[in-house]
Amino acid sequence: MGLKDVRKFNFALLAKWRWRFISQDKGKWREVLESKYGVELECPQLPVKYQSRWWRDLVKVCREGGGEGWFQKEVHWKLGRGDKVRFWEDVWIGDTSLKSLFQRLYSLSVYQEYKIEDVGVWEGSEWKWRLEWRRDRFEWESELEANLFEHIVRADVKKTKNDIRVWGTEELETYSVNVAYKNLSNGTREAYHASFEFIWKAKAFPTILSTTWRVFLNRIPTREALSRRGVQMSSVACVLCEAKEESYKHLFLECEYAQQVWSLCLKWLGFKLVQHNDLKDHFVSFHIPQVSSKQNLVLKGIWTAILRCIWDQRNSILFKQEVVDAEEILQMAQLKSWLWLKHKAAFHSHSFADWLLNPVICIKSIK
Ligand SMILES: [Zn+2]
């Protein structure tokens, strides 16, 4: 091989300038740039026409790929005392910002812009988180809050060290064009971020979305997950097929029964999907090109409903001795997605029978 994608390689080269700018408070590069282009270089409020052409190009290159762009996704923080890192918006624990991981809680937070040092206090040598909300949480939101604390409990806030910016999954303190190029060419990382961005936008009830979210974070108590946490189990076999270990990936994607459900679902919707080894890739690619992006969020909603219904039936088999039935899983998902659409008044004229017979026509009618 050895052939490089020239466009992407140029992106990686150019982005080095941006890295220099954001990673150095002071220094030669910053001085040169600021004397030439002014101190407001990175001010987002500055109208575009006052920004230099060169800088605009640079920002554009870094935004490539949609959303906040590929560059921003590679920039992480190594946490010190939390004086620079924004609690919700920056990536400082795990691979994703807390804002995209916990969108619901973010919208409820009183202090969306706060730095980490303002979201907690030192009690002696112990750091205590202090989060405040705009209103009382619903039950499922309290569950999210518990998940949030579980997620940040391993954060290592230090009393005296400064926060520093690091780059890429390798957490390098200096920018590497080669690593940037490698990450740019690697689609999996994109899918990982995209899957979290999609979850809370998908058209489904919040409790259903929350199940998907827990699955993606591997927080769903499958037998494999429980035994990994040290819970004594008589068996770790999949509750549906009893043939393989019940990991979330097996249960929702690889299990022969999950495969049956997905293929029935695709038959119902009338489209094909390439085989995926990763559940998040499966979710991201679950869409039809001929409908709008808003309408595709209905498909994402159906996907999350399928996931939930597989989980529900798995529990019914385990606790109520029911038997596995792929058709029934699909039917429950069809009902749940239709109820949501009805509830949101997106469907004025479509009956449940319409939904079962012509789902794509119904989806296309949504404005
Ligand atoms: Zn199985």
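Trainee: Where does Val323 sit in this chain?

Mentor: Val323 belongs to the loop between α15 and α16, the latter covering 326-343. Helices (DSSP runs of H or I, at least four residues) and strands (runs of E, at least two) are numbered from the N terminus. Before we go on, this is a predicted model: local features need pLDDT of at least 70, side-chain atom pairs count only at pLDDT 80 or more, and totals for chains, interfaces and linings use all residues. Residues are numbered from 1 along each chain as its sequence is written.

Trainee: Thanks! Why is Val323 called exposed?

Mentor: A residue is exposed if 12 or fewer other C-beta atoms lie within 10 Å of its own, buried if there are 20 or more, and partly exposed in between, with C-beta atoms placed from the backbone. Val323 has 9 such atoms within 10 Å, so it is exposed. Its C-alpha atom is 8.5 Å from that of Gln313, with their positions 10 residues apart in sequence.

Trainee: What makes Gln321 exposed, and what is its phi?

Mentor: Gln321 is in that loop between α15 and α16 too. It has 7 other C-beta atoms within 10 Å, so exposed is the right word. Its phi is positive, about 55°, although Gln321 is not a glycine.

Trainee: And why is Asn218 described as partly exposed?

Mentor: Asn218 has 13 other C-beta atoms within 10 Å, and therefore falls in the partly exposed class. It lies in the loop between α10 and α11 (223-228), and just after α10 it takes a positive phi of about 55°.

Trainee: Which residues of α10 are buried?

Mentor: Ile208, Leu209, Ser210, Thr211, Thr212, Trp213 and Val215 are.

Trainee: Why are α10 and α15 called roughly perpendicular?

Mentor: Let's start with how such a pair is described: two packed helices are characterised by the angle between their axes and the distance between the axes. The axes are lines fitted to C-alpha atoms, for helices over the stretch in contact, and angles run from 0 to 180 degrees between N-to-C directions. Helix α10 (residues 206-216) and α15 have an angle of about 80°, and their axes are 9 Å apart. Angles of 65 to 115 degrees count as roughly perpendicular, under 35 as roughly parallel, over 145 as roughly antiparallel and the rest as oblique. The pair is therefore roughly perpendicular.

Trainee: Which residues of α10 and α15 meet?

Mentor: Ile208, Leu209, Thr211, Thr212 and Val215 in α10 meet Thr304, Ala305, Leu307, Arg308 and Trp311 in α15. The residues of this contact comprise six nonpolar, three polar and one charged. Here Ala, Val, Leu, Ile, Met, Phe, Trp, Tyr, Cys and Pro count as nonpolar, Asp, Glu, Lys and Arg as charged, and the others, Gly among them, as polar.

Trainee: How do you know that Trp303 is buried?

Mentor: Trp303, found in helix α15, has 23 other C-beta atoms within 10 Å, so it is buried. Leaving aside neighbours within four places in sequence, Trp303 is in contact (C-beta atoms, placed from the backbone, within 7 Å) with Phe283 and Phe286.

Trainee: What makes Asn296 a buried residue?

Mentor: Asn296, also in helix α15, has 20 C-beta neighbours inside 10 Å, so it counts as buried. Not counting residues up to four places away in sequence, Asn296 touches His287, Ile288 and Val291. Asn296 and Ile363 are 67 residues apart in sequence, with their C-alpha atoms 8.2 Å apart.

Trainee: Why does Leu357 count as exposed?

Mentor: Leu357 lies in helix α17 (residues 352-357). It has 12 C-beta neighbours inside 10 Å, and therefore counts as exposed.

Trainee: What makes up the largest nonpolar core?

Mentor: A nonpolar core is a set of buried Ala, Val, Leu, Ile, Met, Phe, Trp, Tyr and Cys residues joined through C-beta atoms within 7 Å. The largest one has 70 residues, and those with the most contacts inside it are Leu251, Phe252, Ala258, Val261, Ile306 and Ile310. Its largest share, 10 residues, comes from helix α15 (residues 293-320). Outside its neighbours within four places in sequence, Ile306 is in contact with Val261, Cys265 and Ala333.

Trainee: Last one: how do you know that the length of α1 agrees with the expected span?

Mentor: The expected span is 1.5 Å times one less than the number of residues. Helix α1 (residues 6-23) has 18 residues and should span 26 Å; its end C-alpha atoms are 26 Å apart, so the two agree.

How values were computed. Two residues are in contact if their C-beta atoms, placed from the backbone, lie within 7 Å.
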